[in-house]
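Let's take a walk through this one together. Have the structure open and turn it as you read.

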Amino acid sequence: GPASGQLATDATSLDALRELARDCRACPLWAPATQTVFGEGPATARVVLVGEQPGDTEDLTGRPFTGPAGQLLDRALGELGIDRTQLYLTNAVKHFRFERRGKRRLHRNPEAGHVQACRPWLARELALLQPEVVVSLGATAALALMGRGFRLMDERGRWHTLSGGTRLLATVHPAWILRQRDDAARDAAYAGFVADLAQLAARGN
Ligand code: URA
């Protein structure tokens, strides 16, 4: 919304942007969440990975991709010889959306309105980072970056161009791999994910 947009465009560094995002109330997700989970990584990163939103673990640690999906991502990057500490990792939506079931907190997909409210933060992260390459993980990140016409399962594993000229590689989300129905489906989904990310390794990062 206008609140986050105005604040975000004022920030002249990632640290300043992170500080501003801590108090974001541009959508209702801040209230039940523990904290804003902002992006993380070197300001000099040439590659930015964009996920969907923090999960239960990330909501508690305050850091992106520190839960089960993050571990699977780490495994894939490790197999490809890509150093995670060289990457900037962030999400399309920066608060955990969930539904309470007793003691458990069940992940819920963000709505288009949440993505839109949060978009100024992502846009400013990218403007400050000026990366060579953006990798979108899953349909929500692809929506946030490429808009509604983008068909992830047709377009994944291929290079695209963001307005402004930055190259974008789209792939699936590691949490989607973990949700596959059985081991065979999970293995196939993981292999496809690694094959998509191999495009990154091939360009020399
Ligand atoms: N899934 C995401 O999209 N982002 C995270 O930070 C963790 C899980």
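We start with the ligand and its surroundings, then turn to the cysteines.

Keep in mind that this is a predicted model. Go to the ligand, which sits in the largest pocket. Which residues are around the ligand? Reading along the sequence, you'll meet Gly51, Glu52 and Gln53, then Glu58, followed by Pro64 and Phe65, and after those Ala69, Asn91 and His173. Sorted by character, this shell has three nonpolar residues, four polar ones and two charged ones. Pro64, Phe65 and Ala69 make up the nonpolar part, while Glu52 and Glu58 are the charged pair. That leaves Gly51, Gln53, Asn91 and His173 on the polar side.

Now zoom in on some of the polar contacts. Two of them use the protein backbone: a polar backbone atom of Glu52 is 2.7 Å from a ligand oxygen, and a backbone N or O atom of Gln53 is 3.0 Å from a ligand nitrogen. So although Glu52 counts as charged, the contact described here goes through its backbone. With His173 it's the side chain that does the job, putting an N or O atom 2.6 Å from an oxygen of the ligand. How much of the ligand does the protein bury? On its own the ligand would expose 230 Å², and 94% of that is buried by the protein.

Next, the cysteines. How many disulfides does the count come to? It's zero. Take Cys24: its nearest cysteine sulfur belongs to Cys118, 6.1 Å away, and a disulfide needs the two sulfurs within 2.5 Å, so Cys24 is in none. Cys27 tells a similar story, since the nearest cysteine sulfur is again that of Cys118, here 6.6 Å off. Are these two buried or exposed? Cys24 is buried, at 13% relative accessible area, and Cys27 is buried too, at 17%. Both values fall under the 20% cut-off, which is why they earn that label.

Technical notes:
Residues are numbered from 1 along each chain as its sequence is written. This is a predicted model: local features need pLDDT of at least 70, side-chain atom pairs count only at pLDDT 80 or more; totals for chains, interfaces and linings use all residues. Side-chain values use heavy atoms; hydrogens and water are left out. Buried means under 20% relative accessible area, exposed over 50%, partly exposed in between (1.4 Å probe, protein chains only). A residue is near a molecule or strand if one of its heavy atoms lies within 4 Å of it. A polar contact is a pair of N or O atoms within 3.5 Å; within protein, one must be able to donate a hydrogen and the other to accept it, and residues adjacent in sequence count only if both atoms are side-chain atoms. Accessible areas come from the Shrake-Rupley method with a 1.4 Å probe; for residues, only the protein chains shown count as cover. On a 1 Å grid over the protein atoms alone, a cavity is a set of points where a 1.4 Å probe fits but cannot get out, and a pocket is an open set with protein on both sides within 12 Å along at least five of seven lines; lining residues have an atom within 4 Å of a point. A molecule sits in a cavity or pocket if more than half of its atoms lie within 2 Å of its grid points.
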